[in-house]
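Please examine the sequence and the structure shown below before attempting the exercises.

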Amino acid sequence: MKFWQGLDPLRALSGTPIADLLTDARLDRFTVDAAGMHLDLSKTSITDGALDLLIDLASDVPGRRDAMYAGEKINETEGRAVLHTALRAAPDAEITVDGQNVVPGVQETLTRMREFARAIRHGDFSGQGGAITDVVNIGIGGSDLGPAMAVRALAPYHDGPRCHFVSNVDGADWADTARGLNPATTLVIVASKTFTTIETMTNARTAWDWMAAEVEDPAAQFAALSSAQEKTADWDIPPSRVFGFEDWVGGRYSVWGPIGLSLMIAIGPDAFDEFLSGGRAMDDHFREAPLGANMPVLLALAGLWHHQVCGYPTRAVLPYDDRLARLPAYLQQLEMESNGKGVTMEGDDLPGPAGPVVWGEPGTNGQHAFYQLIHQGRTPVPCEFMVAAMGHERELDHHHRLLIANCLAQSEALLRGRTLDEARAKLAGKFEGAELDRQAAHRVFQGDRPSTTLVYPCLDPATLGAIVALYEHRVFVEGVMLGINSYDQWGVELGKELATSLGPLVEGEDASAKDPSTRNLLTLLRGWR
Ligand SMILES: O=P(O)(O)OC[C@H]1O[C@H](O)[C@H](O)[C@@H](O)[C@@H]1O
């Protein structure tokens, strides 16, 4: 909560042009290395004095961090520990919740996952029509975005059956995925922490019927991932194919455990272990590095600086890494569901906005779509660039060199901009007089726009793990400093309740109690059905 008191002094330290700050010496303080990656925050307007103050204001972070790792119930509104880090902890670690070491249970489940994944990959577990060729993960939110993002990111390591993801209750999602699949060689994984989510249960039922129409025993080709294992029993899925996790794993933090099963089947248990080890390397760094040299802490401080201090309403995540195409969507849930809050942990109104809007697309595609606004729109958008030194396609390295050049060009362009004089000079000879002025005005770039850049050698499983853990801890640090609970999500409840009450109305029941707009839309839609 201290952070809010520091807001005015921080604002007094803002406004220095980034270019004036950007000396060689600045790199010592405004870059940081961790888990084999390098983060550059020097192209921001955070001054040395502002960083000192931000670090002072982060003084609660180490205590809360240690409480999180120690299994204390820091998710206070739900009375739960927050221990996704236990899913990637060393096998001999000891992490206690309610007096019990949770690590042996995590390891036991991991071992079962590995055995199952290997059996599928080696053909020892097969469908009723032969070896498993396709895996369909049915889940939504945290039970979809993590594995879907990671399976795509790690395509070069994918040597198992094809993986598909069905999330939307829109029947189109299921229909488009199922088309072309053979039920007799498909494994359906029902992924749901609660095992009550209506979208997932509806899709799972449809998948079951699809399977039952073709094979004798649909349950034999179903697996379930859930922390509500008692509910999985209703589906007749044998316990050997039910992989559980505890309520101290939040949905959007769950890719490290059973929810990552489809990823493990795709890339194999060894590569999945590397993914975990990358997350663990970031954990070790986060726990050990001093605040001022701590990658997640510095990324969080930059986030708070841009949103709360400078007042920029959004931030863009721009991976120059096509396989990270789903990372922005993944981070939308991670950041916006965690920190999109309006009250403090104690239930008081927050003195200011909490988490910003997070959005993005891979570069270079975004350059040809929305970068116009990033460069010349009136509201600055802090950009978080990321790029690998090497792609996996070594024979296409000339592509990768272009990718790197574009990534660096964008942060440089944002920083330096183009003055009116420079624009005029470029156009001189082509236009003159008033037309020169008019044309030049359109070619001015304000510049002085902030960005951060994360670079890493290559997007391998360990690096992906480190990137995900970096962002998880960034969310944690921002949440602690803002004084909110990053681990509940009450804001998704109202819509779910109303959807339940609207179901019968869509079918034709009396809608007169609804507001005029909803009533009218219902009448129209019912008429068109
Ligand atoms: O895994 P499930 O219990 O099916 O939940 C799936 C998702 O739905 C909810 O609405 C939550 O907002 C998400 O945090 C969660 O990841």
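The exercises that follow treat overall form, one sheet and the annotated sites.

This is a predicted model, in which local features need pLDDT of at least 70, side-chain atom pairs count only at pLDDT 80 or more, and totals for chains, interfaces and linings use all residues. Residues are numbered from 1 along each chain as its sequence is written.

**Exercise 1.** Determine how the protein chain compares in compactness with a globular protein of 529 residues.

*Solution.* Begin with the secondary structure: the protein chain has 22 helices and 15 strands. Helices (H or I, at least four residues) and strands (E, at least two) are DSSP runs, numbered from the N terminus. Next, take the radius of gyration, computed over C-alpha atoms, and the globule rule, 2.2 Å times the number of residues to the power 0.38. The radius of gyration is 25 Å and the rule gives 24 Å for 529 residues; the two are close, so the protein chain is as compact as a globular protein of that length. Finally, 45% of the 529 residues count as buried.

**Exercise 2.** Trace the open sheet of six strands and locate a helix that packs on the sheet.

*Solution.* The strand order is β1-β2-β15-β14-β12-β13, with mixed pairing; two strands pair if DSSP finds at least two bridges between them. At the edges lie β1 (31–34) and β13 (357–359), each of which pairs on one side only. Within the sheet, β2 (residues 37–40) and β15 (residues 451–456) run antiparallel and are joined by three bridges. Asp40 has Thr453 of β15 as its bridge partner. Helix α17 (residues 397–416) packs on the sheet and touches β12 (314–320), β14 (383–388) and β15.

**Exercise 3.** Are Glu337 and His368 buried or exposed?

*Solution.* First, consult the record: the unreviewed UniProt entry annotates Glu337, His368 and Lys496 as "active site", although such annotations may be inferred rather than shown by experiment. These residues are spread over 160 residues of sequence and, in space, up to 36.8 Å between C-alpha atoms.

Then apply the cut-offs: a residue is buried if 20 or more other C-beta atoms, placed from the backbone, lie within 10 Å of its own, exposed if 12 or fewer, and partly exposed in between.

- Glu337 is in helix α15 (residues 327–339). Because Glu337 has 22 C-beta neighbours inside 10 Å, Glu337 counts as buried.
- His368 is in the loop between β13 and α16 (371–376). Because His368 has 9 C-beta neighbours inside 10 Å, His368 counts as exposed.

Definitions and conventions
Contact = placed C-beta atoms within 7 Å. Axes fitted to C-alpha atoms, helices over the stretch in contact; angles between N-to-C directions.
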